[in-house]
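Student: I'm new to this structure. Could you show me how to read its features?
Tutor: Happily; let's look together.

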Amino acid sequence: MSMVYIFNKPWVGVILCQQQLGPHPGLTVQQKYLDAIVAAGAVPVPLVHQLGVDEQSLDAMLARLDGILLTGSYSNMEPHHYGETGEEAHTDKGRDRLSLRLIAAAQTMKMPLFGICRGFQEMVVASGGSLHRRLHETGLFAEHRENKELPLEQQYAPAHSITPVAGGVLARLAGDAELNVNSLHMQGAKSTGPGVQVEATAPDGLVEAISFVNHPFALGVQWHPEWQSRENPLSRALFDGFVAACHDYAGQRSRG
């Protein structure tokens, strides 16, 4: 009976981040992402960086998953992935390698994919787009970074509006009226590649959400819906929509 209950819930692979834990390197994920997945009715499964260099193990894992969540992170992608030179602070090579492979696999398998903040940026880069490395230095955009001296509740409070594109994935989930989102990022999308649909923009023109065309559910958002994911109607709609897509994928996989 318990096994039937478990298998009725989709399994969502959650990418991890490399962190130094005292003298030892570790792989971690912030609990708020796991809480959001569990609250929406799915089972989170950690995706270790070793999968990025072990094709057989990665294929075995992907065969068991019903969706992939690319979380936010304090790290940035290495610039060479989007055609720029030089170094970048706070990189995570293992995550870069794995995230790009996961996105490619999700596109091939039509597996539901949800990218948040860094995960959104990974989707931008994987599709052939590029990033602004320092939005605040371009002179083109409003301030999108959080004030780290404020309490978390204020850091994650609504910071600006977004306008969903009518008929898009985001609009179908949350409506096409103006929405308010938080903003805690230094980098952002400079360009998007082929096969990408812009789903929403901020008042300053910055792309805030994208989807992959010809894909049942592949959505990336620049803000953080995992924060108080059940209390915020937009966040709840996003996670419920993602997990519903994972349910559909699981059903197709079981019949296939």
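Student: By class, what does the lining of the largest pocket have?
Tutor: Rolling a probe the size of a water molecule over the atoms shows where empty space is left. On a 1 Å grid over the protein atoms alone, a pocket is an open set of points where a 1.4 Å probe fits, with protein on both sides within 12 Å along at least five of seven lines, and lining residues have an atom within 4 Å of a point. Here the lining has eight nonpolar, 11 polar and five charged residues (nonpolar: Ala, Val, Leu, Ile, Met, Phe, Trp, Tyr, Cys and Pro; charged: Asp, Glu, Lys and Arg; polar: the others, Gly among them). This is a predicted model: local features need pLDDT of at least 70, side-chain atom pairs count only at pLDDT 80 or more, and totals for chains, interfaces and linings use all residues. Residues are numbered from 1 along each chain as its sequence is written, and side-chain values use heavy atoms, leaving out hydrogens and water.

Student: How many disulfides are there?
Tutor: A disulfide is a covalent bond between the sulfur atoms of two cysteines. With a cut-off of sulfur atoms within 2.5 Å, the count is zero. The sulfur of Cys117 is too far for a bond because the closest cysteine sulfur, in Cys17, is 11 Å away. Cys246 is in no disulfide either, with the nearest cysteine sulfur, that of Cys17, 19 Å away.

Student: Is Cys117 buried or exposed?
Tutor: Buried means under 20% relative accessible area, exposed over 50%, partly exposed in between (1.4 Å probe, protein chains only). Cys117 counts as buried, at 6% relative accessibility, and Cys246 counts as buried at 0%.
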